Amino acid sequence: MRFVRNPIDYLTDLQRRHGDAFTVPFPFLGRLVYFAHPDAIRAIFTGDPKLFHSGEAVEPILGPVVGAHSVFVLDEEAHMRERKLLLPPFHGERVRRYAQTFAEITEREVERWPLGAPFALRERMQSLTLEAILRTVFGIHDPAVIARFQERVPRMGRVGNLVVMLPGLRWDGDRFGPWARFVRAREAVYELIYAEIDRAAADPALDERDDVLALLLRARREDGSRMGRDELRDELMSVIAAGHETTATGLAWFFERVLRHPEVEERLRAEIAAGDGDEYLDATVRETLRVRPVIVDVVRRLKRRTTIGGWDIPAGTDVVAAAAVVQLREDLYPEPRAFRPERFLDGGGADGAYAWIPFGGGVRRCIGASFAQLELKVIARTILEHAQLSAADARPEPPRAAHVTVVPARGARVVLEQRIAPRAEAVALASA
């Protein structure tokens with residue numbers, strides 16, 4: 001219950017009392033051994049993938065959502081085979097092309113916000129980031145299809161919360177129980193995904209498309225084989241489940257923190273107005289993910305006995321890199337709970353020491369990290385350009401566990417004080 005109420009405070013308190021290695025027995029999940037020192041985290045992330053299994057460790061939690069073919073639940077050769085197919089579409093120039101799409105979607109979203117009335121920003125960000133994924137990953141531009149996804153995906157998330165966190169609820173004896181409701185909601189999303197796979201496969205212009213689905217349909221493994229229909233479904237479901245929820249929560253935390261630190265907001269707006277780069281915006285995103293990581297821990301299952309951080313750990317144990325704890329170490333980040341983006345300017349911060357790990361690390365580092373960081377920055381910048389927000393409550397919002405993420409307890413409630421005219425429009429109005 002303490003973990004659900006405030007996982008960051010709970011884990012940092014355990015580290016304070018017990019040191020950089022401690023064990024937590026979780027219901028249904030067994031004993032998790034947490035490590036909060038960067039050297040131990042390095043050992044976990046850079047260890048032999050045949051020894052440190054990620055897919056096997058997370059399958060009990062993520063498997064029902066992402067499916068058996070997802071890169072998230074695979075290990076060793078199977079994981080690397082699928083990773084090689086998925087990595088190219090989420091890196092380099094392909095990702096940078098999506099920036100304009102992210103900005104356009106955000107501008108339209110801001111226009112729909114109520115003026116002068118409090119609302120939960122995280123909920124709006126979930127709708128926005130889901131649309132961003134549908135347009136750039138799926139290549140969907142039909143508003144009616146996007147609306148169907150925006151109706152069904154959140155429903156799956158709502159009814160799936162309990163069965164994701166509590167595997168003991170997964171039984172088929174009750175047609176109206178939580179597991180049955182989740183399966184029906186998941187099948188409704190599957191229906192939409194299959195329709196898009198079939199529509200893309202039949203598109204005569206498939207070779208000219210640059211969305212991720214088209215790239216995956218054209219991709220070949222080393223043996224020349226293509227991804228099957230169910231494999232595509234599971235990878236696309238993984239992008240939906242992991243991509244839009246985590247980025248939306250990161251954006252909610254960004255504004256929850258920035259709006260309570262006016263000196264940070266002022267400097268951000270000055271950088272945007274000057275138009276001379278996004279160094280401080282990048283630092284603010286990094287500082288947000290440091291003090292409010294969306295994912296507080298990264299788990300691996302040991303396949304044989306090994307030593308980590310001086311501790312002899314038996315085979316079958318789930319070892320955890322405690323991201324939320326290492327990112328709040330005072331020996332790495334002076335005044336660790338203070339929100340100071342300046343830490344990451346001019347090559348600052350301690351990320352080189354496995355001390356900034358919001359996207360994991362090693363061969364299992366998040367495939368969509370570049371995509372997510374670009375999306376975070378573009379959406380945050382666009383909101384700052386078009387909206388003057390204030391916090392609905394001066395009190396900071398504490399972290400709460402939701403699914404496998406950590407969210408603002410009140411949904412990052414804000415008030416839209418005024419809309420800001422785009423620069424070109426403002427100049428025209430001033431001239432008139």
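Here is a short dialogue on reading the sheets and helix packing of a predicted model.

Me: Let's begin with sheets. How do strands hold together in general, and what is the strand order in the open sheet of 5 strands?

Reply: Strands of a sheet pair through backbone hydrogen bonds, and the pairing is either parallel or antiparallel. Here the open sheet of 5 strands runs in the order 1-2-8-5-3, with mixed pairing. Strand 1 (21-26) and strand 3 sit at the edges with a single partner strand each, so one side of each has no neighbour in the sheet.

Me: And what packs on that sheet?

Reply: Helix 2 (residues 7-18) does, touching strand 1 and strand 2 (30-35), and its direction makes about 130° with that of strand 1. Then there's helix 3 (residues 38-46), which lies across strand 2, strand 3, strand 5 and strand 8 and runs at about 120° to strand 8.

Me: Let's zoom in on strand 5. Which way do its side chains point?

Reply: The general idea is that in a regular strand the side chains alternate between the two faces of the sheet. In strand 5, Val298, Arg300 and Leu302 point one way, while Val299 and Arg301 point the other way. Every one of these is buried. Put as a count, strand 5 (residues 298-302) has 5 of its 5 residues buried.

Me: How many bridges does strand 5 make with strand 8, and how many with strand 3?

Reply: With strand 8 there are 4 bridges, in the antiparallel sense. One pair to look up is valine 299, which stands opposite valine 320 in strand 8. On the other pairing, 2 bridges join strand 5 to strand 3 (residues 52-53), again antiparallel. There, histidine 53 has arginine 301 of strand 5 as its bridge partner.

Me: Now a single residue, valine 319. Is it buried or exposed?

Reply: Valine 319 has a relative accessible area of 0%, and anything under 20% counts as buried, so valine 319 is buried. It lies in strand 8 (residues 318-321). Leaving out residues up to four places away in sequence, valine 319 touches Val33, Phe35, Ile44, Phe52, Val298, Val299, Arg300, Leu302, Ile308 and Ile313.

Me: How far is valine 319 from alanine 392 in space?

Reply: They are 39 Å apart, C-alpha to C-alpha, with the two positions 73 residues apart in sequence terms.

Me: On to the sheet of 3 strands. What is its order?

Reply: This open sheet goes 4-12-9, and the pairing is antiparallel. Strand 4 (118-120) and strand 9 (387-391) are at the edges, each with a single partner strand, so each has one side without a neighbour in the sheet. On average, neighbouring strands here are turned by 45° against each other, direction ignored. Strand 4 and strand 12 (residues 413-419) are joined by 3 bridges, and alanine 120 stands opposite arginine 413 in strand 12.

Me: Which strands does helix 8 lie across, and which does helix 16 lie across?

Reply: Helix 8 (residues 121-136) lies across strand 4 and strand 12, at about 50° to strand 4. Helix 16 lies across strand 9 and strand 12, at about 100° to strand 9.

Me: How do I read a helix pair, say helix 12 and helix 16?

Reply: Two packed helices are described by the angle between their axes and the distance between the axes. For helix 12 (residues 229-258) and helix 16, the axes come within 10 Å and cross at roughly 45°. The two helices are therefore oblique to each other, and the crossing is right-handed. Helix 12 brings Thr247, Gly250, Leu251, Phe254 and Phe255, and helix 16 brings Ala372, Glu375, Leu376, Ile379, Ala380, Ile383 and Leu384. That contact divides into 9 nonpolar, 2 polar and 1 charged.

Me: At what angle do helix 14 and helix 16 pack?

Reply: Helix 14 (residues 279-291) and helix 16 (residues 369-386) pack at about 115°, with their axes 10 Å apart. That makes helix 14 roughly perpendicular to helix 16. Helix 14 passes helix 16 in a right-handed crossing. Leu281, Asp282, Val285 and Leu289 of helix 14 meet Leu376, Lys377, Ala380 and Arg381 of helix 16. The residues of this contact split into 5 nonpolar, no polar and 3 charged.

Terms used. Residues numbered from 1 in each chain as written. Predicted model: local features only at pLDDT ≥ 70, side-chain atom pairs only at ≥ 80, totals over all residues. Heavy atoms only, no water. Axes fitted to C-alpha atoms, helices over the stretch in contact; angles between N-to-C directions. Parallel < 35°, antiparallel > 145°, perpendicular 65-115°, else oblique. Left-handed = near helix turned anticlockwise from the far one by under 90°. Contact = heavy atoms within 4.5 Å. Nonpolar A, V, L, I, M, F, W, Y, C, P; charged D, E, K, R; others polar. Buried < 20%, exposed > 50% of the residue type's maximum accessible area, 1.4 Å probe, protein only. Pairing = 2+ DSSP bridges.
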